[in-house]
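Colleague: Before I set anything up with this model, I would like to go through its local geometry. Please answer briefly and give the reasoning.

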Amino acid sequence: MNRTWWKEGVVYQVYPRSFKDSNNDGIGDLQGLVSKLDYIKSLGVDIIWVCPIYKSPNDDNGYDVSDYRDIMDEFGVMQDFDRLLEGIHARGMRILMDLVANHSSDEHTWFQEARKSKHNPYRDYYFWKPSPNGTPPTNWQSFFGGSTWEFNEATQDYYLHLFTKKQPDLNWENPQVRKEIYDIIKFWFDKGVDGFRMDVISLISKRLEFNDVDTANYAKIIENQYANGPRIHEYLQEMNAEVLSKYDIMTVGEGPGIHLGNALDYVAEDRRELNMIFHFDHMFIDNGPGGKYDPIPYDRVRFKRIFSEWDEKLKGRGWNSIFLGNHDFSRMVSRFGNDSRYHAQSAKLLATILLSLRGTPYIYQGDELGMTNVAFDRIEDYQDVETLQSWKAAEEEGKDMEHFLTLVHSQSRDNARTPMQWSGDEHGGFSNVEPWIKTNPNYQQINVASQENDPGSILNYYRQMIRYRKENPTLIYGDYQCVMENDPNMYIYERWDDQHRFLIALNMSDHDVTVELPGDGEWDLRIGNYKETNKSNAMRPWEAKIFKQV
Ligand code: TEU
Ligand code: CA
């Protein structure tokens, strides 16, 4: 396969609202991000993905865009963006923007116009459906609960919104809409941005019959009704031909409904659509039949199998992305590790996974410190629209709300959105004033300042792992094979190419485990996440070791 910068790069994801506040209004902003570029560079990463920064009324923290060519008031102005872009490029890094093109804000002029009358020239920018009997046209449920249809007085019909009612879905059937989006992409590429993460791009082609859905399994509804519509690949190929192919950029499509069976349709290199996608097989691993607020313990054997199957499926044909957390999920150390007794060990073990699998690694802000979930004791302290809508729905269904609060503690997207913990100072050094969302009280223990100069810190382990990956391209391009795939505690895999062979041994349990290292020849220990690391076959709780064959 071709070797390129976006396969070799390590990505750092920034949620600007929660990263660094420069003007002390409690909200992270572009100047704040600029002031921390040296820090990001010091990690050794190559690419910064910045979550949406466009003009937005912030119903969904920027995933509701009211002007795609302007900057959100709270974040600054276009000059701040230009400075950010310069600062990133000057440090030899690249910037990935977030393209939110499945829907706009209802405050975008397109929608403001469209909703005025049935004859408005913008009407066909969105989806409209009549309903004679005063109930929504279909029984579709939005991603955040409630109907996907909202009634519009002026036109006496309903518009489609797969997310909140302030996020009406754009009608990609309309060639003018597609042209608008391609122009927006060009606008940012011409400014010099290096690529896009494409929000819910798997949803842009709709099944125009708009049939009722008849299954209780929400994941299946997404896969077969909302995502992967009949024209999706036509649109992506058109977008590629019209804009993407003309620049040296990267794309990663976010993909609810993308699975092993259809992933290659999106990312096979010869199809000329996207470079990579984010799938959610491992991220929904703890969802019970009732979805994310019906969690079940995650099955480690399945966790391993998902990574193995995806590697097997894409190898030689497309490229993978590797992530264990982002702004939409609880913190990876709280989810997949042990955030109390083995906090540092398990955070480092998870970093070892992120940085030693085949695929581009994505590190979410704060995970390099082992930032954990938060547990606010009042629902009023939560800000996320999904959390609040789920809370309201649970209340209406008469659920036990004390119990539901514990579910919010483990499942809320706000777990990942508390302010970045820079220091032990008030508000974690994020801001001088009370931030828009409360700081996780553990900022006094977990923060950049305290880890910066500690060679044994999680932060410095990330730096070491990133460096090690770069020095050893076998860890980037080499083949992958899981061994002992049915072992419930140990995750062991080999990575190799013509020249080198590595063995990664990870004890993902709270217990001591003894293992036989597979294969013959001498294994030399190169990386370990315990202070006194040694070659022995005894693996301590959450111990991670990387061996190289000599
Ligand atoms: O997320 C899409 C998506 O799949 C999420 O809604 C996910 O199912 C949910 O967050 C799990 O709890 C993208 C963005 O990443 C998210 O922040 C936006 O809210 C959403 O699209 C709408 O733009
Ligand atoms: Ca600010």
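Modeller: A term first: helices are DSSP runs of H or I with at least four residues, strands are runs of E with at least two, and both are numbered from the N terminus. The model itself is predicted.

Colleague: Which residue follows α6, and what is its phi?
Modeller: Helix α6 covers residues 175-191. The residue that follows α6 is G192, and its phi is positive, near 120°.

Colleague: How does the reach of α6 from its first C-alpha to its last compare with the span expected at 1.5 Å a residue?
Modeller: The helix has 17 residues. The expected span is 1.5 Å times one less than the number of residues. For α6 the reach is close to the expected value, 24 Å.

Colleague: Which residue caps the N-terminal end of α6?
Modeller: The cap is a contact from a side-chain oxygen to the backbone nitrogen of Q176, at 2.9 Å. The residue that supplies this oxygen is N174.

Colleague: Which residues of α6 are buried?
Modeller: Buried means under 20% relative accessible area. In α6 that holds for V177, R178, E180, I181, Y182, I184, I185, W188 and F189.

Colleague: Why is α12 described as largely enclosed by the rest of the structure?
Modeller: Helix α12 (residues 343-354) should span 16 Å at 1.5 Å a residue, and its end C-alpha atoms are 17 Å apart, which agrees. Its buried residues include H343, K348 and L354. The helix is largely enclosed because the buried count among its twelve residues is ten.

Colleague: In what order do the eight strands of the open sheet lie?
Modeller: The pairing in this sheet is parallel. Its edges are β11 (276-278) and β14 (321-322); each has a single partner strand, so one side of each is left without a neighbour in the sheet. The order is β11-β10-β9-β5-β2-β1-β15-β14.

Colleague: Which residue is the bridge partner of V11 in β2?
Modeller: Strand β1 (residues 11-14) has V11 and Q13 pointing one way and Y12 and V14 the other, with all of them buried. Three bridges join β1 to β15 (residues 360-364), where Y12 is partnered by I363. Towards β2 (residues 47-50) there are four bridges, and the partner of V11 is I47.

Colleague: How many bridges pair β9 with β10?
Modeller: Strand β10 spans residues 250-254, and the two strands run in the parallel sense. One of the pairs is G195 with M250. The number of bridges is four.

Colleague: Where does V200 lie, and is it buried or exposed?
Modeller: V200 is not a glycine, yet its phi is positive, about 30°. Its place is the loop between β9 (195-198) and α7 (218-226). With a relative accessibility of 4%, V200 counts as buried.

Colleague: Which residues is S202 in contact with, leaving aside its neighbours within four places in sequence?
Modeller: S202 sits in the loop between β9 and α7. Its relative accessibility is 0%, so S202 counts as buried. Its contacts are Y226, A227, N228, I232, E254, G255, P256, I258 and Y266.

Colleague: What is the phi of W542?
Modeller: W542 is found in the loop between β21 (538-539) and β22 (544-549). At 2% relative accessibility, W542 counts as buried. Its phi is positive although the residue is not a glycine, and the value is near 60°.

Colleague: Which residues touch the most other members of the largest nonpolar core?
Modeller: That core has 155 residues. One of the two sought touches Y12, V14, F19, L33, V45, I48 and M93, not counting residues up to four places away in sequence: this is I40. A second, separate core has 18 residues, among them F144, L203, V213 and Y226. In the largest core the residues with the most contacts are I40 and F81.

Colleague: Which protein donors does the calcium ion (ligand 2) have?
Modeller: The donors follow the spacing D-x1-N-x1-D-x1-I-x1-D along the chain. Among them, N23 counts as partly exposed at 47% relative accessibility, whereas I27 counts as buried at 13%. At 2.3 to 2.4 Å from the ion, the donors are D21 (OD), N23 (OD1), D25 (OD), I27 (O) and D29 (OD).

Note on methods:
Residues are numbered from 1 along each chain as its sequence is written. Chains are lettered from A and ligands numbered from 1 in the order in which they are written. This is a predicted model: local features need pLDDT of at least 70, side-chain atom pairs count only at pLDDT 80 or more; totals for chains, interfaces and linings use all residues. Side-chain values use heavy atoms; hydrogens and water are left out. A nonpolar core is a set of buried Ala, Val, Leu, Ile, Met, Phe, Trp, Tyr and Cys residues joined through side-chain atoms within 4.5 Å. Buried means under 20% relative accessible area, exposed over 50%, partly exposed in between (1.4 Å probe, protein chains only). Contact means heavy atoms within 4.5 Å. Donors are N, O and S atoms within 2.8 Å of the metal (3.2 Å for Na, K and Ca); water is not among the atoms, so sites may look incomplete. A polar contact is a pair of N or O atoms within 3.5 Å; within protein, one must be able to donate a hydrogen and the other to accept it, and residues adjacent in sequence count only if both atoms are side-chain atoms. Two strands pair if DSSP finds at least two bridges between them.
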